[in-house]
Amino acid sequence: MKQSLILALAISTVSLNAEAGALAEVYRLALQSDPQLKAAQATSKADAEVVHQRRAGLLPDISLAADLGYRDSDPTSASDGNSHGFTASLTQPVFRAENWFNYQAGKLLSEKAELQFSQAQQQLIRRTISAYLDVLQARTVYETTQAEEAAFKRRLDQVEAQFEVGLIAITDVEESKAGYDIARVNRIDAKGDLDNSFEALDRLTGTSWDSVDLLSADYSIERLSPADYQPWVTKALDSNLTL
């Protein structure tokens, strides 16, 4: 849970460097809508109930019974009439090893459920950041391919004009056309990748997106501290949820 809080604070830090905090908004919606997190939460709640069920095996067994009857054998008999009775019993085994070990196992299962849900929360943070950055990268690639296509188109127009006045051969025109066609294909592929990245964001948040905010130009990238690997190994051995 502590690691999830640290990563959530990291998201808030990034959002402060982004325009209008779009990453924080994406994460907020993902918390509400992500199907993987909802499934993990439901599993966690179900597994957490195991310890209460196992604990019941250690508690006393209480039973209560009641009976009601009516006797009419002889109008003069004093024993005729209504009769009723109540019986209460409490049974507490001195010790049942099976129930005790089941209860101990239930506590471990409950702890495991909590850790797995915390791990799912961490994974959601990572998946949110990854999906957000994938959109930014795909948009950058798409804008680049658009610029390349425009540049090849200008080059093709120039070559065709030169060919019309007899300054160059037809092979130069065909070569420019081939370059322009490749640029168009690259632009179409990049647009498909951009659409796919938005669809991944849609599935994560349950909301349709057609744009996300860019990181600011002065976003600072800090060096890893400490730079030595051993403190990070020690921290992972102590805190890694999967381990």
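Is Asn99 buried or exposed? Asn99 counts as buried, with a relative accessibility of 16%. The notes below start from the whole chain and return to this residue later; the model they describe is predicted.

1. **Overall make-up.** The protein has seven helices and two strands. Followed along the sequence, these elements come in the order α-α-α-α-β-β-α-α-α. The two strands therefore sit between a run of four helices and a run of three.

2. **Surface and interior.** Of the 243 residues in the protein, 24% are buried. The exposed surface comes to about 16800 Å², and carbon and sulfur atoms supply 56% of that area.

3. **Contacts along the chain.** Take the contacts in the protein between residues with a separation of 6 or more. Of these, 72% are between residues 24 or more positions apart. Several of the points below give individual examples of residues and helices that meet.

4. **Helices H3 and H5.** Helix H3 covers residues 35-48, and helix H5 covers residues 97-164. The two pack with their axes 8 Å apart, at an angle of about 170°. Because angles over 145 degrees count as roughly antiparallel, H3 and H5 are described as roughly antiparallel to each other. On the H3 side the contact is made by Gln36, Leu37, Ala40, Gln41, Ser44, Asp47 and Ala48. On the H5 side the residues are Leu109, Ser110, Ala113, Glu114, Phe117, Ala120, Gln121, Leu124 and Arg127. Sorted by class, this contact of H3 with H5 has eight nonpolar, five polar and three charged residues.

5. **Helices H2 and H6.** Helix H2 (residues 22-33) packs against H6 at an angle of about 55°, and their axes are 7 Å apart. H2 and H6 are therefore oblique to each other. From H2, the contact uses Val26, Leu29, Ala30 and Ser33; from H6, it uses Leu201, Leu204 and Thr205. By class, the contact of H2 with H6 has five nonpolar and two polar residues, and no charged ones.

6. **Asn99.** This is the residue of the opening question. Asn99 is part of helix H5. Its relative accessibility of 16% is under the 20% cut-off, which is why Asn99 counts as buried. Leaving out residues up to four places away in sequence, Asn99 touches Gly57 and Leu58.

7. **Glu149 and its surroundings.** Glu149 also belongs to a helix, namely H5. With a relative accessibility of 12%, Glu149 counts as buried. Residues up to four places away in sequence aside, Glu149 touches Tyr180, Ala183, Arg184 and Arg187. For Tyr180, the C-alpha atom is 6.3 Å from that of Glu149, although the two residues are 31 residues apart along the chain.

8. **A salt bridge between two helices.** How many salt bridges does the structure hold? The structure holds five. One of them joins the side chains of Arg187 and Glu149, with an N to O distance of 2.8 Å. This pair links distant parts of the chain, since Arg187 lies in helix H6 (residues 170-205), Glu149 lies in helix H5, and the two are 38 residues apart. The partners differ in exposure: Arg187 is partly exposed, with a relative accessible area of 23%, whereas Glu149 is buried at 12%.

9. **A salt bridge within H5.** Lys153 and Asp157 form another salt bridge, in which the closest N and O atoms are 2.8 Å apart. Both residues are in helix H5 and four residues apart, so about one helical turn separates them. Lys153 is partly exposed at 33% relative accessibility, and Asp157 is partly exposed at 36%.

10. **A salt bridge within H6.** Asp195 and Lys191 also form a salt bridge, with 2.9 Å between the closest N and O atoms. The two residues lie four residues apart in helix H6, about one turn of the helix. Asp195 has a relative accessible area of 33% and is partly exposed; Lys191, at 31%, is partly exposed.

11. **A cis peptide bond.** The peptide bond that joins Ser225 and Pro226 is cis, with omega at about 0°. Where is Pro226 placed? Pro226 sits in the loop between H6 and helix H7 (230-239).

How values were computed:
Residues numbered from 1 in each chain as written. Predicted model: local features only at pLDDT ≥ 70, side-chain atom pairs only at ≥ 80, totals over all residues. Heavy atoms only, no water. Salt bridge = Lys/Arg side-chain N within 4 Å of Asp/Glu carboxyl O. Buried < 20%, exposed > 50% of the residue type's maximum accessible area, 1.4 Å probe, protein only. Contact = heavy atoms within 4.5 Å. Areas by Shrake-Rupley, 256 points an atom, 1.4 Å probe, with all protein chains shown as cover. Axes fitted to C-alpha atoms, helices over the stretch in contact; angles between N-to-C directions. Parallel < 35°, antiparallel > 145°, perpendicular 65-115°, else oblique. Nonpolar A, V, L, I, M, F, W, Y, C, P; charged D, E, K, R; others polar.
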